[in-house]
Amino acid sequence: MTNRLLPPEWAPQTAIQLTWPRPDGDFADWFEAVEDNFIRLAVAISHYQSVLIGTEQPPEALRERLVAAGALPQRLAIYPVRSNDVWARDHGPITVLRDGQPLHLDFQFNGWGGKFDARLDNTLTQQLAAQGALTAPVETVDFVLEGGGIDVDSQGSLLTTRRCLLAPTRNPQLSEAQIEALLKDKLGARRILWLQHGDLLGDDTDGHVDTIARYCDDRTIAYQACEDQGDAHYQDLKALEAELQALRTPDGAPYTLVPLPLPQPIYDEDGRRLPAGYPNFLILNGAVLVPTYGDERNDAEALRRLRPHFPGREVIGLDCRALINQYGSLHCVTMQIPAATAPR
């Protein structure tokens, strides 16, 4: 029987994948700001590890711009692709270790249950593989799954939400038990921890867990809290908090919980509240990048609360106000590619 493990995000990585925004894509109205956001993100990542970028722009021209902005050239790998949008967390490969060696799983991506056209994004992993950008084998999986919908520790625990993975627009032919069995078979999960609460207003993913609760280590979960009883999120996020308090580690201990403040509300031009939150952070080999939203007090407080739980890593804020205009944030536009384990 093949031994599979989906490494936690804090495990050693070889690269972070990005899919570059298109000037005629969903970010067209904010393209200059969102591209600046991507440039700052790519530069920051390159100071810790490699950045794998798929783009519809001429790769060499993009490379020159990134190097001019401060990216380390030896850590940039840029390939031409066709894409619909930027959300690499959801259309990029979910990479497991099979007997210690990377295997890229190419799950199906249907635009969060058919909400958006994702036909090009659903081919992006194969596009990269065909150009040699992915050096490990690729296995196609006939199952709709987005990377933002799951989070894991190193002990086989997989944290997710029922609203997302059990949505009838994802895999309607499968029961909860069948979905659990597939996650265990393909990802090496030993147990599935289902959450019922934690919906952020403006979220169009049906409740991705990476917007509300994230492992910091095997015994610590950071989550989106709300202390303002007048906020529309208060009751649901308090219910999420109670769910997390009831969870136990594999050895039966309660988790250390890290409540993160809720940013001040951000609205789009139509008055719709955008799903800004701090759990959408990205763990790198030597750093943690945390989304910030121009909210001086809460941005600083989120960084302060996270720092003690990532010893040996710099915890750095990155302004993501441009990204939140399309209902996603920092973790949503990135996908880590783990390194192979050392032979025993």
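## A bridge between β9 and β10

Start with Thr160, whose bridge partner in β10 is Trp194. This is a predicted model, so take what follows as a description of a prediction. Strand β9 covers residues 157–161, and 5 bridges join it to β10, with the two strands running parallel.

## The sheet around them

Zoom out a little and you'll find an open sheet of 3 strands, ordered β8-β9-β10, with mixed pairing. The edges belong to β8 (150–152) and β10 (191–195); each has a single partner strand, so one side of each has no neighbour in the sheet. On average, neighbouring strands here are turned by 25° against each other, if you ignore direction.

There's a helix to look at here too. Helix α7, made up of residues 176–187, lies across β8, β9 and β10. Against β10, helix α7 runs at about 130°.

## Thr19 in β2

Now for another spot: Thr19, which sits in strand β2 (residues 13–19). Is Thr19 buried or exposed? Thr19 is buried, as its relative accessible area is 0%, and the cut-off for buried is under 20%.

What does Thr19 touch, once its neighbours within four places in sequence are set aside? The contacts are Phe38, Gly54, Ser83, Asp85, Val86, Ala88, His91 and Leu124. With His91 there is also a polar contact: the side chains of Thr19 and His91 are joined at 2.8 Å.

Technical notes: Residues are numbered from 1 along each chain as its sequence is written. This is a predicted model: local features need pLDDT of at least 70, side-chain atom pairs count only at pLDDT 80 or more; totals for chains, interfaces and linings use all residues. Side-chain values use heavy atoms; hydrogens and water are left out. Helices (H or I, at least four residues) and strands (E, at least two) are DSSP runs, numbered from the N terminus. Buried means under 20% relative accessible area, exposed over 50%, partly exposed in between (1.4 Å probe, protein chains only). A polar contact is a pair of N or O atoms within 3.5 Å; within protein, one must be able to donate a hydrogen and the other to accept it, and residues adjacent in sequence count only if both atoms are side-chain atoms. Contact means heavy atoms within 4.5 Å. Two strands pair if DSSP finds at least two bridges between them. Axes are lines fitted to C-alpha atoms, for helices over the stretch in contact, and angles run from 0 to 180 degrees between N-to-C directions.
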